[in-house]
Amino acid sequence: MLDLAGRPPVAEVPAVRRPKAPRLLWALGTLVVVPALIPIVYLLYVVLQPGGFDVGGFTSARLLELAGNTALLTITVTATTAVLGIATAWLTTRTDLPRARLWSTLVTIPLVIPSYVGALAILAATGNSGLLTQTLQALGLPGLPVAEGFWPSWLALSLWNFSFVHLLTVPVLKRLDPALEEVARGLGSSRWKTLFTVVLPQLRPALAASSLLVALYVLSEFGAVSMLRFDTFTRAVYTQWTGRLDPGPALFLAGLLSMGALVIIVFQQRARGKAALYSNRPARKPRLHRLTSGERMGARIFLGSIVTFALVVPIATMLWWTVRGMSLGNTPLTVGPHAARSVFISVTAAAVITVAAIPIAILAVRYRSKLVYLLESVAWVTYSLPHLAVGLAFLVLGVGMFRPVYQTLIMLIIVYLAMFLPLSLASVEAGMRRVGPGLEEVSRSLGVGSWGTMRRVTLPIVRRSMLAGAALVFLSVMKELPATLLLRPTGFDTLPVRIWSATNELFYTQASFAALGLIAVSILPVYFFVVRDIHD
Amino acid sequence: MTEPRTHDDAIRAEGLSKRFGDVVALDRCDLTVPHGAVVTLLGPSGTGKSTMLRVLAGFENPDRGTVDIRGRRVVGPGVSVPPEQRRVGVVVQDYALFPHLDVAGNVGYGLARDQGREGRVREILERVGLPGLGARFPHELSGGQQQRVALARAMAPRPDVIILDEPFSNLDDTLRTRVRSEIIGIIRALGTTALFITHDQEEALSISDYVAVMNRGRIVQMASPQDLYWRPVDPWVGSFIGDANFVSGKSRGGRVETVVGTFASTLEGDVSVMIRPESVRLVPDAAGPAEVRSREFFGHDQLVTIMYGDGTVIRARLGPEEVYASGDRVSAKIDAATPFPVLHWAD
């Protein structure tokens, strides 16, 4: 039997039944992965080349300090997001809390706020002219100093990333086999003891996977830590690059950072493999944990304060700056061109990358082999590398080798292709799996040729997955800051670039215009393709 | 071996061979499906049954051999007709209904728009007992209903033959027998030529005009269910098709002597005699040559295991009313027995 609808092949004829893929498919599949391969090879070369690399004015004490700061931030943020993500997921799926689904949606929405926009909100809320300071002073209380350094960075990265953990934990919690809990209760274990000894341990694979995702993100985060002036590797790379003509030291630091990311990727791959074991859906709905009225009040206060700080305060702050700016004669129309550029480049990139994913997706689903796995892995590794490092690698190589496309939109699209290919790849592959060769064969045997089959069976089924993948790419490009900052054509300022430069120049009004624009453009695709999907 | 052949055989496959790397899936395999007949391809898993389907339907090309469908060459040297031009309907194990189309969309998929598609869809849905379900989507149907939609879809374009690959294996036991007789009823009523593929002996024997037994890439015997059961070509087919006892003996002058009795035989020399458990009758006999060892009671019948003095073990299928206990002495009467030359027993 061929593998129909994703079922494991029946014993009939073992794995050797694997037709050869057309050469054209291989050629295209390999071609689209080349951009992803370039930064990996180059960064490895930079770090490993004999004779060492120029580390500029960096003493080893300074390097240690940077590494320490980066590690401290990574560990604390990962732990915080794990606690917040699991608590919110459990409260909204496994208890009888009223309006649980609404709460779940509310704690997922902060995903549309990139950490650097969160950083902008923190900066614009504190300090002498900040919204919080002014509110507190109006109440006769002391104001807040300008937020800088570790704690604000920790807060920004935790508040605007814990939703990832929530998103990945909710489906697992929904699928846990209720029989295990019933058995535990039957053995005399109390509700809360059952929660901690039976329910939470089953979350470990999902938690490991999402925590590593967050860790990877924090390690490579650039915008928020730079704006909040906390000295991590990424900030040092950028300062190093802007301060000198020779990009060598910056590249070397970027290479080191990438090695850190590679270590995390290896762990992440392992955790992901285990997580798959837990995805079978039980026939029965899990029983809901009954909250006492006191617990219910506590849950509301907890979820309410998260939503307040992750959603209400930042948006209110930026709205406040917007209104204040407009009353002083500024107009939000000034960010119109930035928004247009952002939408244009994001839509283009989403279209290009979705189409580019098709050959590899076909290879991966229909002609699975070690070589396909290798192609996919290259794409995934580059996706997981810090964008700043990838951008810097392309920048340095671009000046030397890709003169004709250097600082053009084509270059930018190629870089996005290198960084975001796996997002559409995963979606298109998931869609292709739903088609299964069985459906296409049945269509052929009903008298419809291969083109007709493609048009009437394959495409209609894959379309929704392709759109979801395109939406993810759109969002990622929309929010992308470091690589865009380094590689954009002169004058091609996008919304993130505008937020970055305006914040650094303390033009909070302009930054707020751009940030609200960014959120407005992102919110619909996030709602339709991310938030809604997890509850279906 | 009975090989029914007429000039308008629905399928005639000759000398089909197919290898996947080191695995030989088809080994000079011949298969004939007479027009209007229901034939079952039966074999243990891993013997190339599904490869046969894929070659006949056009999803796979054989390394060697020819296939004719209603006298038209579809596979042969220099010929490979694509699946969409073969007029072979296929019903697969998991039904492979198009998830994005409703029942009417699925059933009408293979019909051209100008062919009076709607009328044909309505007609065939009625024939399979699903009138009025055209607007449902596959996920809204029960397993048995999905099965019938898949059948209706395969039959709608009036193919020359339909091939059904393990069509009942996804249904639970209680549903299975019912759906099976319904489906067979529909196929017989429409006079469609059908080739079933299964590894379930009981299923094969109960639904078919002819059963083709396949082993290691070849058809080892094709015969009517009754012939196959009582006159298998070798002990392997005999025991694959149903419960069988084997007793060794010497055959000479038209008779074979065994510890359980003497039987007619045209062979000479060492033989192995096949005795179906239902051909064995037991008689309580204090001086009998065998002793009851164990008893499995099933309700509608029972299996009683007896052992002779030389260690020969025989299982007898008896009616539910007879009562035996371990240690009882018995003698056995054998109603039918089939001797095989011992050479083949090595298989």
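These questions and replies go through a few features of a predicted model.

Me: Why is A:Ile414 called buried?
Reply: A:Ile414 has 22 other C-beta atoms within 10 Å. The cut-off for buried is 20 or more. The count meets that cut-off, so A:Ile414 is buried.

Me: Where along chain A does A:Ile414 sit?
Reply: A:Ile414 belongs to helix 18 of chain A, which covers residues 409–445. A:Val352 is 62 residues apart from A:Ile414 along the chain, and their C-alpha atoms are separated by 9.5 Å.

Me: What makes helix 4 of chain A largely enclosed by the rest of the structure?
Reply: Helix 4 spans residues 115–125, and 11 of its 11 residues are buried, so the helix is largely enclosed. Among the buried residues are A:Ser115, A:Tyr116, A:Gly118 and A:Ile122. Just after this helix, A:Gly127 takes a positive phi of about 75 degrees.

Me: How do you know that strand 4 and strand 5 of chain B pair?
Reply: Pairing needs at least two bridges. Strand 4 (residues 64–69) and strand 5 (residues 72–76) of chain B have 3 bridges, in the antiparallel sense. The count meets the cut-off, so the two strands pair. B:Val67 stands opposite B:Val75 of strand 5.

Me: Which strand order does the open sheet of chain B have?
Reply: The order of its 5 strands is 2-1-4-5-6, with antiparallel pairing.

Me: Why are strand 2 and strand 6 of chain B said to stand at the edges?
Reply: Strand 2 (23–33) and strand 6 (79–80) each have a single partner strand, so one side of each is left without a neighbour in the sheet.

Definitions and conventions. Residues numbered from 1 in each chain as written. Chains lettered and ligands numbered in written order. Predicted model: local features only at pLDDT ≥ 70, side-chain atom pairs only at ≥ 80, totals over all residues. Helix = DSSP H or I, 4+ residues; strand = E, 2+ residues; numbered from the N terminus. Buried ≥ 20, exposed ≤ 12 C-beta atoms within 10 Å, placed from the backbone.
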